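User: Could you walk me through how the chains in this model fit together? I have it open and would like to go piece by piece.

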Protein chains: 2
Amino acid sequence: MDTTALPSWNEGPARQALLDFVQRVTTVDGPDFVQPADRIATFDNDGTLWCEQPLQVQFFFAHHRLEQLAAQDPSLKQRQPFKAFLERDMAAIHDAGMKGLFEVAAATHAGVTEDEFEAIARDWLSSAKHPKLGRLFTALAYRPQVELLGYLQRQGFKNFIVSGGGIDLIRAFSEEVYGIPRDQVVGSSVKTRFEIKDGRGDLVKLAEIDTFDDREVKPHNIGLHIGRRPILAFGNSDGDLAMLRYTRSGPGPRLALLLHHDDAEREFAYDREFRLSPLAEALDHAQEYGIDVVSMKRDWRQVFAA
Amino acid sequence: MDTTALPSWNEGPARQALLDFVQRVTTVDGPDFVQPADRIATFDNDGTLWCEQPLQVQFFFAHHRLEQLAAQDPSLKQRQPFKAFLERDMAAIHDAGMKGLFEVAAATHAGVTEDEFEAIARDWLSSAKHPKLGRLFTALAYRPQVELLGYLQRQGFKNFIVSGGGIDLIRAFSEEVYGIPRDQVVGSSVKTRFEIKDGRGDLVKLAEIDTFDDREVKPHNIGLHIGRRPILAFGNSDGDLAMLRYTRSGPGPRLALLLHHDDAEREFAYDREFRLSPLAEALDHAQEYGIDVVSMKRDWRQVFAA
């Protein structure tokens, strides 16, 4: 066992469970050996790999885009759901939920090609900062998780993001921030139209949702994109519960982890009251469902990179 | 340039175009160098990587399953479209098209879990033989293409299958036959239901089509699954044309290839008259669209493995 691995994790049950699990599945000739091709790990993104408070990063991205569009078309300021978003009407935003948030983000990019979207997303990510923590959003990746992704990859795992957030926004930073290639990102997505103009073929984003990748849809999209049941999954809310239980239901060694945000000092402390992505059933039934709860306060030596 | 590469390809324009292209995109400091992460290659499956005559392998798979089901429930023999398939009514089958074929395959596996499907598919693939060529279907992979996949992979490419065939049937042999991991397979798929029974969570296949991955849908699904425009694409029918044109439309070096089945002696000779997957527009406009036509007769030294 590599006892120097995961230096940003405190010694304790969570780090030990990870090290033990990886050792079991990588010990050739051991009873729990898993072929590299089957070493699939899936991670939720918002609240699992990076900060999702006070609102998911998707919100700030959509808000910025809306402000730009509203400058050209002031009528947006009077139309719902845009009005609520532009005015940061928190009650309305929480009512709309994660899906409403993604719908607004989708609506603001309708008619944009995938290449244009990539440029918009990269441009925004290169300068936008978290309103409270004052860092670039991409600097809000959790250091222990980035370590874990690298550790798993070195141990022959293939890591995937399986997120309720927009798939293309995540792809704009997943390689640089997490070392996860674009094709290993699964998320919410819109329908596209293939359009040939002046002999050139491009994908144009439509406003219509293709998949909203949350709850029971996560296992479905894992089946669609990965085609193999993960042996390790990591989430932080009830939206991840189906993915965690799906992962636990296969034969052989399995590890399902849940990050509990209980660290108001270094990050945020929240669970069941966070309406956009509550953690309640998964926390209440963790033991019954075979889920290991990771405490940010107890298990992480450091939360963000220095 | 590795002149010993692709030994099952005859010397000639097609092999040369492949070797030249790979050299250009892998020459560090060259004007056309492409980062490994961007070396995405997409391949159609039926008729591009393996034989699709007299009917796509999907047909034989669905037919076998239908016969099993009809033995339990004889009423299937009287119900369309099953009746036509069971009776091998060629006119009706050609009328139904590739989509109809996939719909029958989907209907015959409704209610089956993904694990059960995998066992059914593997069992069938391990013994089912091509009616005319007398080989296992998995032995109908084209040797020059298997060589090409391996060559591209060694040159840092990530290969994907983008097929109108059922995604899970292809996944049951793609690693062993093509060296392509399950998550690098894109294809037609059905909706699934996540079901928890006795504490165990499984994906159950439904009869409803989720995506029929043909024509304009191929670029959409490349966007969804891969999130990056390929730099090389290989197809063999008009169903691949959108993928080929999408590939050609990006900046920098691009290679779009079309396999022309013109070898009645070693395989089959067909193009525009094959109603299930015709090749007409792509062939007529190859030059205009920047597509290189590969002739099986001229360009392949050997078609199948010995």
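User: How many residues does each chain bring to the contact?
Analyst: In this predicted model, the contact takes 38 residues from chain B and 38 residues from chain A, where contact means heavy atoms within 4.5 Å. Local features here need pLDDT of at least 70, side-chain atom pairs count only at pLDDT 80 or more, and totals for chains, interfaces and linings use all residues. Residues are numbered from 1 along each chain as its sequence is written, chains are lettered from A in the order in which they are written, and side-chain values use heavy atoms, with hydrogens and water left out.

User: What area is buried between chain B and chain A?
Analyst: About 3200 Å² is buried between them, and carbon and sulfur atoms give 44% of that; buried area is the accessible area, taken with a 1.4 Å probe, that two parts lose on being put together, summed over both. On the side of chain B, B:Asp183, B:Phe194 and B:Leu224 lose the most area to chain A, together 19% of what that side buries.

User: And do the copies meet through the same surface or different ones?
Analyst: They meet through the same surface, because 100% of the interface residues of chain B are also interface residues in chain A.

User: Okay, symmetry then: what turn lays chain B on chain A?
Analyst: A turn of 180 degrees with a shift of 0.0 Å along the axis does it, at an RMSD of 0.0 Å, the copies being superposed by least squares on the C-alpha atoms of residues with pLDDT of at least 70 in both. The two copies are therefore related as by a two-fold rotation axis. In chain B, the C-alpha nearest that axis belongs to B:His225, 3.2 Å from it.

User: How many salt bridges are there between chain B and chain A?
Analyst: The count is 8, a salt bridge being a side-chain nitrogen of Lys or Arg within 4 Å of a carboxyl oxygen of Asp or Glu. A:Asp115, for instance, forms a salt bridge with B:Arg229, with the closest N and O atoms 3.2 Å apart.

User: Switching to B:His220, is it buried or exposed?
Analyst: B:His220 counts as buried, because its relative accessibility is 14% and buried means under 20% relative accessible area (1.4 Å probe, protein chains only).

User: What does B:His220 touch?
Analyst: Leaving aside neighbours within four places in sequence, B:His220 is in contact with A:Val190, A:Lys191, A:Thr192, A:Leu203 and A:Asp210.

Notes
Buried < 20%, exposed > 50% of the residue type's maximum accessible area, 1.4 Å probe, protein only.
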